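User: Please take a close look at one part of this structure for me. I would like the helix packing first, then the charged pairs.

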Amino acid sequence: MEIEKLLKDSLEIFQKNIVAFIIGTLIAGIGSILIVTIAPLFYGVVYMAVKGIKGEKVEIGDVFEGFKAPGAFVQSWIVVIIYLVLMIAGSMLLGRIGGILGILMIYALPLLVMREYSGKDAIKENFELIQKYPVETAIVFLIFFALNFIGSLIVIGALLTFPFSMIGYTLMAKNLTGNGQPVAYIEE
């Protein structure tokens, strides 16, 4: 697996659009206080990642795409509710370790945005990818989990690590779904 390439490509995309990603993430974080806006704003951050991956100019206003795209508001909430149920159930059953169950939804939001799926279809393909590439998924999850943990120790760090990890998860999902075969980051 070429994890270095995944990280390098993610960093390059992030650096090209750093101001938009930081301000978009800040808006998503502050906007999440209203709770009802959490899912569509996270959708927006992933939408920003998708645009960056495509080589398009990422704009701050892209963070609101979850409110604009047809069906995105509801579909993003379907994904987030299932994610929250898994996280809460895992935490209740396994304590703090249960929080690692976030790995079970690693590709769902990127797939929802990239493929314009329904929430149900995004979750279904997410689980198929995890079953097909469990080791690769675990490695990528642990790397970005660690980066986000470190970033969360200081608020400004999270403004850097969260969008960076969303780009990484989205790149990985794109890679794993490319023609049904991994192309750039995973060696057979």
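Analyst: What follows goes through one helix contact, a neighbouring topic of burial, and then the salt bridges.

The model is predicted. Start with helix H3, residues 38–53, and helix H5, residues 72–94. Their axes lie 8 Å apart. The packing angle is about 100°. Angles of 65 to 115 degrees count as roughly perpendicular, and H3 and H5 are therefore roughly perpendicular to each other.

Which residues meet in this contact of H3 and H5? From H3 come Ile38, Ala39, Pro40 and Tyr43. From H5 come Ala72, Phe73, Ser76, Trp77 and Val80. Eight of the residues in the contact are nonpolar and one is polar. None is charged.

Now helix H6, residues 108–115. Is this helix enclosed or open? Six of its eight residues are buried, so H6 is largely enclosed by the rest of the structure. The buried ones are Ala108, Leu109, Pro110, Leu111, Leu112 and Val113. H3 and H5 return here, since both are among the elements that cover these buried residues. The cover also includes helix H7 (119–132) and helix H9 (155–177). Just after H6, Glu116 has a positive phi of about 55°.

Next, the charged pairs. There are four salt bridges. Three of them are described here, including one that involves H3.

Take Asp62 and Lys51, whose side chains meet with N and O 3.0 Å apart. This pair links distant parts of the chain. Asp62 sits in the loop between H3 and helix H4 (65–68), while Lys51 belongs to H3. They are 11 residues apart. Buried means under 20% relative accessible area. Asp62, at 8%, is therefore buried. Lys51 is buried too, at 11%.

Helix H1, residues 3–16, holds the pair Asp9 and Lys5. Their closest N and O atoms are 3.1 Å apart. The two residues are four apart in H1, so about one helical turn separates them. Asp9 is buried, with a relative accessible area of 17%. Lys5 is partly exposed, at 33%.

Glu12 and Lys16 also form a salt bridge, at 3.6 Å from N to O. They too are four residues apart in H1, so about one helical turn lies between them. Glu12 is partly exposed, with 38% relative accessibility. Lys16 is exposed, with a relative accessible area of 64%.

Conventions
Residues are numbered from 1 along each chain as its sequence is written. This is a predicted model: local features need pLDDT of at least 70, side-chain atom pairs count only at pLDDT 80 or more; totals for chains, interfaces and linings use all residues. Side-chain values use heavy atoms; hydrogens and water are left out. Axes are lines fitted to C-alpha atoms, for helices over the stretch in contact, and angles run from 0 to 180 degrees between N-to-C directions. Angles under 35 degrees count as roughly parallel, over 145 as roughly antiparallel, 65 to 115 as roughly perpendicular and the rest as oblique. Contact means heavy atoms within 4.5 Å. Ala, Val, Leu, Ile, Met, Phe, Trp, Tyr, Cys and Pro count as nonpolar, Asp, Glu, Lys and Arg as charged, and the others, Gly among them, as polar. Buried means under 20% relative accessible area, exposed over 50%, partly exposed in between (1.4 Å probe, protein chains only).
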